[in-house]
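I opened this entry to look up how some of the helices pack and what lines the main pocket. The model I am working from is a predicted one.

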Amino acid sequence: MTAPKRPYIIICEGNSEYAYIQKLNRFLVENNYNFTLIAKIVGTGHYKSVQKKYLYEHKNNPKLPIKIWVDKDTYVRNDEGDRDNYEHKSSTDFLFSIMNFEDFLALHTDEKTLENWFQICSRKRHHISPMKEAEYLPLVKEHLFPNYTKGDIPFEITSEKLEQLFKQKNNPKYFFRCGFADLLEELMKESKKSSKSA
């Protein structure tokens with residue numbers, strides 16, 4: 001009999017993160033990892049809505065670990081006072097995608113594709129003044145994933161894709177980072193260790 005999987009609640013912005021977590025969970029089950037992720041959609045990444053969702057989930061699941069995964073772009077731009085509110089937060093640190101979910105997806109691509117994306121984003125000063133969706137989505141379709149639509153993950157999650165993500169997320173050359181990817185790498189390493197010692 002297999003041991004139950006350790007659940008982690010991931011409060012996330014929207015359908016894209018939810019779809020990624022669903023695909024990721026399939027990979028985790030197929031490869032016998034000892035944890036599972038429960039995605040809870042906010043519908044936005046703005047601080048006040050995210051905080052409200054966190055408090056709700058914490059009240060209803062007091063014993064489960066809860067993590068918050070949102071894009072950094074609105075916090076850098078301080079849309080709706082997100083940066084100001086976050087600086088005075090009383091809850092857990094957020095796991096940020098820098099700058100947005102599509103940048104996180106780019107970290108799964110090959111080095112040449114990522115380098116090209118980095119050059120485009122640098123020219124647009126995306127790391128200083130993050131592009132808004134109307135500007136970056138056409139670029140994503142042109143340079144990263146031709147048939148991309150929000151809420152759809154344009155590749156299967158495989159060991160190779162995750163290795164690319166883990167290798168590239170820490171590359172000092174790029175400004176793309178993702179706290180969720182850091183958490184995932186940590187959980188996968190712990191799971192492998194515990195399965196070896198079992």
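**Pocket lining**

I began with the lining of the largest pocket, whose residues divide into three nonpolar, nine polar and eight charged. For the volume of this largest pocket I noted about 360 Å³. Of the 20 residues that line the pocket, I found that Glu13, Asp71, Glu133, Tyr136 and Lys150 are the closest to its centre. I then looked up which helices contribute, and α1, α3 (73-77) and α7 (133-143) each supply at least two residues of the lining.

**Helix α6 against α7**

Since α7 had come up at the pocket, I turned to its packing with helix α6 (residues 111-123), where I read an angle of about 150 degrees and axes 11 Å apart. Angles over 145 degrees count as roughly antiparallel, and α6 and α7 are therefore roughly antiparallel to each other. I recorded the crossing of α6 past α7 as right-handed. On the α6 side Thr113, Asn116, Trp117 and Ile120 meet Tyr136, Leu139, Val140 and His143 of α7, and the residues of this contact divide into five nonpolar, three polar and no charged. I note that Tyr136 is listed in this contact and also among the residues closest to the pocket centre.

**Helix α1 against α9**

For helix α1 (residues 15-30) and helix α9 (residues 179-197) I found an angle of about 15 degrees, with the axes 14 Å apart, and the two are therefore roughly parallel to each other. The crossing of α1 past α9 is right-handed. Here Tyr20, Ile21, Leu24, Phe27 and Leu28 in α1 meet Phe180, Leu184 and Met188 in α9, a contact whose residues I counted as eight nonpolar, no polar and no charged.

Definitions and conventions:
Residues are numbered from 1 along each chain as its sequence is written. This is a predicted model: local features need pLDDT of at least 70, side-chain atom pairs count only at pLDDT 80 or more; totals for chains, interfaces and linings use all residues. Side-chain values use heavy atoms; hydrogens and water are left out. Axes are lines fitted to C-alpha atoms, for helices over the stretch in contact, and angles run from 0 to 180 degrees between N-to-C directions. Helices (H or I, at least four residues) and strands (E, at least two) are DSSP runs, numbered from the N terminus. Angles under 35 degrees count as roughly parallel, over 145 as roughly antiparallel, 65 to 115 as roughly perpendicular and the rest as oblique. A crossing is left-handed if the near helix is turned anticlockwise from the far one by less than a right angle, and right-handed if clockwise. Contact means heavy atoms within 4.5 Å. Ala, Val, Leu, Ile, Met, Phe, Trp, Tyr, Cys and Pro count as nonpolar, Asp, Glu, Lys and Arg as charged, and the others, Gly among them, as polar. On a 1 Å grid over the protein atoms alone, a cavity is a set of points where a 1.4 Å probe fits but cannot get out, and a pocket is an open set with protein on both sides within 12 Å along at least five of seven lines; lining residues have an atom within 4 Å of a point. Grid points are joined across faces, edges and corners, and a volume is the space filled by probe spheres set on the points.
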